[in-house]
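Work through the exercises below with the sequence and the structure in view. Try each task before reading its solution.

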Amino acid sequence: MKPIFSRGPSLQLRLFLAILLSASLMLADSRLGAFANIRYLLNSAVAPLQYAANLPREMLDVLRGQLSSHQRLLTENTALKRDLLVMKSNMLLLDQLQQENQRLRSLLGSPFVRDERKMVAEVMAVDSDPYSYQVMINKGRIDGVYEGQPVINDKGIVGQVSYVGAHNSRVLLLIDPTNAIPVQVVRNDIRVIATGGGRNHQILLEHVPSSTDIKKGDLLVSSGLGGRYPEGYPVARVTSFSFDNKRPFAQITAKATVQFDRLRYLLLVWPTDRNKVSPQPAGAETTPATVVEPLVPPVSATATDAVVPAPKKVNHANQ
């Protein structure tokens, strides 16, 4: 006769075995990457749900555009035509300055080639983790996206791609504490390392001597060192510079030029060296950087007052 209440392992033993199995799986995933393929497949399977969740917003945008009044559209069209005329007149001067800049850099032996390919991507979701600053975009491996790819918008550098799925990718924002970027001051070409402050669009400049010539209001642009980010794109503007005689380094904070709480459309950038070794992805186009970014003064090749910060271990990808 079969007993009603069968006896088995105790609850304590079951809990211990469950904890041991969970710890083993987490260790195998974090150290050995045993479930990378499974995560990739699950991400591909969930991608249609993310697109479906994003569909109502797109439908509302279409409906709102159709309900716009005719007079408003005429006013916006007139304003856009006027702005386009001003932009085209400015482009005439920018093209001339760009050619002059190229000639001067050729004389100085400092090449500055700007023929990156760019692709427009749309933000699908924002990471809800308060300690991680990432967004999900609607471009993935089938579009030619790769890990570590720089991402920009019309205000400056946004961050880099940290994870690539089949149809979508994650972008690690510049304000994330685990992200860092080599920058230089436009006013005097001093080079420093900027890291994410984690809140309020804050950027920190660490390990900078207090005697360094950095002032409030200085514009920081990407220096191009390390080959991760292209050179010359705006990053942040210095908001405070303070130092204590008891400390060897100054406390410098800056505010990012990008408004990270209002991200909608981004640009994926394929740098020059990537263009030579990778095929052109679908939808990417070759455009000069001056179409998207404002003109940045040329970087002097004879700068000798660069600041070399202390080494710091920074993760460039979300693991």
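The exercises that follow concern a predicted model and go from the whole chain to single residues.

**Exercise 1. The chain as a whole**

Task: State how many helices and strands the protein chain has, and what share of its residues counts as buried.

Solution:
- Step 1. The protein chain contains 4 helices and 13 strands.
- Step 2. Out of 319 residues, 36% count as buried.
- Step 3. The area that the protein chain exposes is about 19,800 Å², with 60% of it supplied by carbon and sulfur atoms.
- Step 4. Take the contacts between residues at least 6 apart in sequence: 65% of them join residues at least 24 apart.

**Exercise 2. Confidence**

Task: Find the mean pLDDT of the protein chain, then name a stretch where the pLDDT is below 50.

Solution:
- Step 1. The mean pLDDT is 78, and 80% of the residues reach 70 or more.
- Step 2. Residues 276–280 have a pLDDT below 50, and this stretch makes 5 contacts beyond near neighbours in sequence.
- Step 3. Residues 282–319 also stay under 50. The model gives this stretch 84 contacts beyond four places in sequence.
- Step 4. Where pLDDT is low, the predicted coordinates should not be read in detail.

**Exercise 3. Helix α1**

Task: Check the span of helix α1 against the value expected at 1.5 Å a residue, and decide whether α1 lies largely in the open or is largely buried.

Solution:
- Step 1. Helix α1 covers residues 11–32, which is 22 residues.
- Step 2. The expected span is 1.5 Å times one less than the number of residues, and for α1 this gives 32 Å.
- Step 3. The end C-alpha atoms of α1 are 31 Å apart, in agreement with the expected span.
- Step 4. A residue is buried when its relative accessible area is under 20%. In α1 the number of buried residues is 1 of 22, so the helix lies largely in the open.
- Step 5. Gly33, just after α1, has a positive phi of about 65 degrees.

**Exercise 4. Strands β6, β7, β8 and β11**

Task: Follow the pairing from β6 to β7, on to β8 and then to β11.

Solution:
- Step 1. β6 (residues 180–185) pairs with β7 (residues 191–196) in the antiparallel sense, over 5 bridges. Gln184 has Arg191 of β7 as its bridge partner.
- Step 2. The hairpin of β6 and β7 has 5 residues between the strands, and Asp189 in this hairpin takes a positive phi near 65 degrees.
- Step 3. β7 also pairs with β8 (residues 202–205), antiparallel over 3 bridges. Ala194 is the bridge partner of Leu205 in β8, and Gly196 stands opposite Ile203.
- Step 4. Between β7 and β8 the hairpin has 5 residues, and Gly198 there has a positive phi near 90 degrees.
- Step 5. β8 and β11 (residues 251–256) pair in the antiparallel sense over 4 bridges. Here Ile203 stands opposite Ala254 of β11.
- Step 6. In a regular strand the side chains alternate between the two faces of the sheet. In β8, Ile203 and Leu205 point to one face and are buried, while Gln202 and Leu204 point to the other and are not buried.

**Exercise 5. Two loop residues**

Task: Decide for His201 and for Arg141 whether each is buried, partly exposed or exposed.

Solution:
- Step 1. His201 lies in the loop between β7 and β8.
- Step 2. The relative accessibility of His201 is 18%, so it counts as buried.
- Step 3. Beyond four places in sequence, the contacts of His201 include Ile175, Ala254, Phe260 and Asp261.
- Step 4. Arg141 lies in the loop between β2 (134–137) and β3 (150–152).
- Step 5. With a relative accessibility of 46%, Arg141 counts as partly exposed.
- Step 6. Beyond four places in sequence, Arg141 touches Tyr40, Val164, Gly165 and Ala166.
- Step 7. Arg141 and Tyr163 are 22 residues apart along the chain, and their C-alpha atoms are separated by 9.8 Å.

**Exercise 6. Aromatic rings**

Task: State how many aromatic pairs a search of the whole structure finds, and describe the geometry of Phe241 and Phe243.

Solution:
- Step 1. The search finds 1 aromatic pair.
- Step 2. Phe241 and Phe243 form an aromatic pair with 6.4 Å from centre to centre and 65 degrees between the planes.
- Step 3. Planes over 60 degrees apart count as edge-to-face, and the pair of Phe241 and Phe243 is edge-to-face.
- Step 4. Phe241 is partly exposed at a relative accessible area of 25%, and Phe243 is partly exposed at 46%.

Methods:
Residues numbered from 1 in each chain as written. Heavy atoms only, no water. pLDDT = per-residue confidence, 0-100. Contact = heavy atoms within 4.5 Å. Pairing = 2+ DSSP bridges. Helix = DSSP H or I, 4+ residues; strand = E, 2+ residues; numbered from the N terminus. Buried < 20%, exposed > 50% of the residue type's maximum accessible area, 1.4 Å probe, protein only. Areas by Shrake-Rupley, 256 points an atom, 1.4 Å probe, with all protein chains shown as cover. Phe/Tyr/Trp six-rings, centres within 6.5 Å; stacked < 30°, edge-to-face > 60°.
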